[in-house]
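Work through the exercises below with the sequence and the model open. Try each task before you read its solution.

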2 protein chains.
Amino acid sequence: MHIENHPTMSIIGALFLMTAIVWPSGAMAQQHDAEYYELEKWFGEQWEADDKVVRARLAELQKRFGKKPNIISILVDDVGYTELGSYGGGKLRGAPTPNLDKMAAQGMRFLQYYSEVACTPSRIAMITGRHPIRTGVIGVIFPGTVNSGVPAEEVTTAELLSQAGYSTGMFGKWHVGFGDEYAPTAHGFDEAVWSEGNPAPWIQADMDMDGSQMVGHVNMRALVTGPPNLRGYYDNGGVLKAKKGQKPEILYKYSLEKYNTYEEEVFDQSIDFIERNAKADKPFYLYVGGKANHFFGAHPDFMDTPAQTNTAAQMTETDYNLGRLLKAVKDAGIAENTLVVWSSDNGPMYHFHPAGGYSMFDKGEKGLTFEGGVRVPAIAWWPGMIEEGQEPLDIFHVSDWHTTFASIAGVYDKIPDDVVTDGVDQSALLLMGEDKGRRDYVFMYKNDELKAVRKDWIKFRLVPEEFHGWYYNLMHDPAERYPDGLYYGGYDSYGLTRLVQEHMALVKKFPHRPNTAYQRQPERPYNPAPTLKYETRKQVDW
Amino acid sequence: MHIENHPTMSIIGALFLMTAIVWPSGAMAQQHDAEYYELEKWFGEQWEADDKVVRARLAELQKRFGKKPNIISILVDDVGYTELGSYGGGKLRGAPTPNLDKMAAQGMRFLQYYSEVACTPSRIAMITGRHPIRTGVIGVIFPGTVNSGVPAEEVTTAELLSQAGYSTGMFGKWHVGFGDEYAPTAHGFDEAVWSEGNPAPWIQADMDMDGSQMVGHVNMRALVTGPPNLRGYYDNGGVLKAKKGQKPEILYKYSLEKYNTYEEEVFDQSIDFIERNAKADKPFYLYVGGKANHFFGAHPDFMDTPAQTNTAAQMTETDYNLGRLLKAVKDAGIAENTLVVWSSDNGPMYHFHPAGGYSMFDKGEKGLTFEGGVRVPAIAWWPGMIEEGQEPLDIFHVSDWHTTFASIAGVYDKIPDDVVTDGVDQSALLLMGEDKGRRDYVFMYKNDELKAVRKDWIKFRLVPEEFHGWYYNLMHDPAERYPDGLYYGGYDSYGLTRLVQEHMALVKKFPHRPNTAYQRQPERPYNPAPTLKYETRKQVDW
């Protein structure tokens, strides 16, 4: 039964025709997704009571410190669910993670945290509280793409927190738009030093790399000799710097050495920001885009791990830098007034194995909505406010940081009501613990395709181009090996087509912004492939 | 290149022809496998020094308690590597394991513990310190098999510890032989109450089950209507009881109810044994064969888990019983003089999913030598002697319990020298901690086929019937997804064919006992399939 031409839309469209949807309306500060209101019906009163507890604790803290709490959010690249020691990796992967493990032991380690499938989508969701598809930035913004990035109309976390009186800073990988109009300082940050994408030494490959040079443990030969489209401009070619209202300037051009050491600089800059703002009258919001497992590059000081892989070097490095940052927070005497969260932006990227990360989930990787692609490690730390050693089962989505930070900063009601906000306020979960989470559902998109929906322990995988879907019980089968029901025609084992219908119905009322991420790229200088100079062999004439 | 008819022997035979092997000989108390002597060359002096420390600590303890330490070994069925909370499962699997997690936190949790591939093989290895193939019991002893079981010539742990002055008791699943000559009390135990295999309610299926009855969460219909070979005699049909020298008697016949509640009785009997022996002059050795995830059956009291699966019911039950046992040890005031070890006998059995266990390793299950089949959870606990919270990377094999218990009981030198002992003395690892393990290698057999060898982080998988093999780096790739080298002809990426050669060369000197496990089964009463009475449908005559 084929309804529309778009692969996912066939099932979605079909479902949509079947049921008339009613969703709550009327005066409200935010427009949530439809399923949120289902939960609110059941738990609304409890949420209200919990909110009073949360507000009282935050008020008490504000009284003690004379300002709102600081917020630090660290997002790293491509770390799979089982990579940290506390998640079953660490030394078993040749890369102990003592600082992340200590952070987890002193705080809250999420067991069911979901990112989006890839870098740009997770970053957009994190800073807007919305699924990427709603913003028009449906997928990874590739090098050289113009006119795609976080739209001016989106109200970012930095903008909200600025309204709440926060000083705001961003350091590291940004990757939600190439060009000045998409700079962090054009979207709410007072100051920033950033790379538009991953700083890419192979820009230089065409020119002067000889194929024996190493980025981390990885030899660049494959890229030097690779197809031309890998060797184009990646972004504007350097690390940028700006303050709000200023035109971004290139701080330095990328180089092989800078690529290997950039992570260290990002944390140096972040720590400097913390130290400068610790004693200020205003609270601060710091967003750090760390590298972790992004395929290449690691500081020479961290190469010598037991695994002797780029992944292990990067994990050891990112763990060390996280430790440095937490030490800076403690040394500044602000730990009890600072929420620090750490999370991965998506699952591992196996293309360059054993660089690129790993996950014990046998299905899924960066780009896929199987658990291995989107279930990632995440930790929240706030001494005295978040109880130690917690490991909640509550589902958390990357978009929840936006709404939760807004709530903690007291500007939740400033979240616009004319767009759908997917993030929910998880401050009660952070401050009151397990079972206080406010979602038991997650929608999983790959670009503009809705691939799966999770509700409670049941995951519903839509089969593209077919009016069909499979169910998995993630408690019985965390790795999605044994289907546990199906949707076919009118038969629907777990009834989750209802969520899809209601989700899509709301899209009709609040349409997505037009897709900008996957467009034809503008003409740009072509870097010809380098000539490979083989030694001339003796020829035989016959 | 085909050398012999036996699948594995083709490569082994070929390798064997290539190199002349020299192994150490001369006076020694035990005959180890060849690779052990390679390690001894390098670490022998350190081992000697460590042994002095271990001996001194044990002597001090003996002085304090006036006797040697008690030893309790609990072996459970089919628990996969990631099932316990401390291994990343627990509540994520709908079955929290607070007691096993507490045991791990207070003791040593092994990250790289290896069982044999299945039930009987692991049990033979555990009580003899030898790979099953050496004993002639190469695989699972199936119901009704006669003349197969632990040979009289094998010196079991119970026999060694009896020589050391221990009282010895065995309770629960034995499964190393059907018949009086294979009874635990015929192999060193002073007393025992046991089932020869898994007590099987489906014996009755032919007679009086109607296919709607439940064992645990599992409906018996499949077995009632299954093929006749599933419905034969399983063993002698009841739980047996004996003291040393006595003929075993049937304590009671199995029934559906007994099958569901048997695990509780096993621990009741074990706790009774502990209480009776706690204050005695003699130390005791207790071997408990628990059920855990073996496909069917769980006590009604534990059915109501969040997962609502038989696996979760069994895990909750076995965890509770483990807690009861540890409480009994503490209550008896003997915790500091009692080593308690817990381990799984092999990976999960997926045939009956979601009953039967689970593992995040995507390759391997009960019966297979991939990590999912043989890497299992294991914990050692000994307050005051084993330091809390340890998680060593050291490789441990199920056969090591035999040698380690003998060492702790002071009878290591009574291990016979006329057979190869695969187990190594791991008492220094237990008492001195990580890096004190005495093996960096494991041989992995499926029945009589050597399927894989691990050395350090490298696993070598032999390809049957081919002169060929693949290497995996388990630090880079714990789930064996990406081969990292190969053996083909003379090319050998990691040189582990040497281990295979030396291992097989030693077999020539110390031959295996003849295989007894997989023989033609004797004639036995045939239980006809039940007649399935379908409602007669109206027929059309045309």
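The exercises go from confidence to chain pairing, domains, helix packing and backbone geometry.

**Exercise 1. Confidence**

Task: Find what pLDDT chain A averages, and locate stretches where pLDDT is under 50.

Solution:
- Step 1. Note that this is a predicted model.
- Step 2. Take the average. Chain A has a mean pLDDT of 88, and 85% of its residues score at least 70.
- Step 3. Look at residues 17–27 of chain A. Their pLDDT stays under 50, and the model gives them ten contacts beyond four places in sequence.
- Step 4. Turn to residues 229–233 of chain A. Here too pLDDT is below 50, and the stretch has 14 contacts in the model beyond near neighbours in sequence.
- Step 5. Add the scores for the complex. The predictor gives an ipTM of 0.89 and a pTM of 0.91.

**Exercise 2. Two chains**

Task: Work out which turn and shift lay chain B on chain A, and how the copies meet.

Solution:
- Step 1. Superpose the chains. A turn of 180° and a shift of 0.0 Å along the axis lay chain B on chain A, with an RMSD of 0.2 Å.
- Step 2. Name the relation. This is a two-fold axis.
- Step 3. Count the interface. On chain B, 21 residues are in contact with 21 residues of chain A.
- Step 4. Sort the chain B side by class. It has twelve nonpolar, five polar and four charged residues.
- Step 5. Compare the surfaces. Of the interface residues of chain B, 100% are also interface residues in chain A, so the copies meet through the same surface.

**Exercise 3. Domains of chain A**

Task: Give the bounds of domain 1 and domain 2 of chain A, then describe their contact.

Solution:
- Step 1. Read the assignment. Domain 1 of chain A covers 7–30 + 456–509, and domain 2 covers 33–444.
- Step 2. Count the contact. In chain A, 14 residues of domain 1 touch 17 residues of domain 2.
- Step 3. Sort the domain 1 side. Nine of its residues are nonpolar, two are polar and three are charged.

**Exercise 4. A helix pair**

Task: Decide whether helix 9 and helix 10 of chain A are roughly parallel or roughly antiparallel.

Solution:
- Step 1. Recall what to look for. Two packed helices are described by the angle between their axes and the distance between the axes.
- Step 2. Get both values. Helix 9 (residues 256–277) and helix 10 (residues 310–331) of chain A pack at about 10°, with axes 10 Å apart.
- Step 3. Apply the cut-off. Angles under 35 degrees count as roughly parallel, so helix 9 of chain A is roughly parallel to helix 10 of chain A.
- Step 4. Find the residues. Helix 9 of chain A contributes residues including A:Phe267, A:Ile271 and A:Ile274, while helix 10 of chain A brings A:Leu325, A:Ala328 and A:Val329, among others.
- Step 5. Sort the contact. In chain A it has six nonpolar, three polar and five charged residues.
- Step 6. Check chain B. Its helix 9 and helix 10 pack at about 10°, with axes 10 Å apart.

**Exercise 5. Backbone geometry**

Task: Locate a cis peptide bond in each chain, and a residue of chain B with a positive phi.

Solution:
- Step 1. Recall the usual case. Most residues other than glycine have a negative phi, and most peptide bonds are trans.
- Step 2. Inspect chain A. The bond joining A:His353 and A:Pro354 is cis, with omega about 5°. A:Pro354 sits in the loop between strand 12 (338–344) and helix 11 (371–374) of chain A.
- Step 3. Repeat in chain B. The bond from B:His353 to B:Pro354 is cis, with omega near 5°.
- Step 4. Check phi. B:Asp435 has a positive phi, near 80°. B:Asp435 is in the loop between helix 13 (427–432) and strand 16 (441–446) of chain B.

Notes
Residues are numbered from 1 along each chain as its sequence is written. Chains are lettered from A and ligands numbered from 1 in the order in which they are written. This is a predicted model: local features need pLDDT of at least 70, side-chain atom pairs count only at pLDDT 80 or more; totals for chains, interfaces and linings use all residues. Axes are lines fitted to C-alpha atoms, for helices over the stretch in contact, and angles run from 0 to 180 degrees between N-to-C directions. Helices (H or I, at least four residues) and strands (E, at least two) are DSSP runs, numbered from the N terminus. Two residues are in contact if their C-beta atoms, placed from the backbone, lie within 7 Å. Ala, Val, Leu, Ile, Met, Phe, Trp, Tyr, Cys and Pro count as nonpolar, Asp, Glu, Lys and Arg as charged, and the others, Gly among them, as polar. Domain bounds come from an automatic or database domain assignment. pLDDT is the predictor's confidence in each residue, from 0 to 100. Copies are superposed by least squares on the C-alpha atoms of residues with pLDDT of at least 70 in both. Angles under 35 degrees count as roughly parallel, over 145 as roughly antiparallel, 65 to 115 as roughly perpendicular and the rest as oblique.
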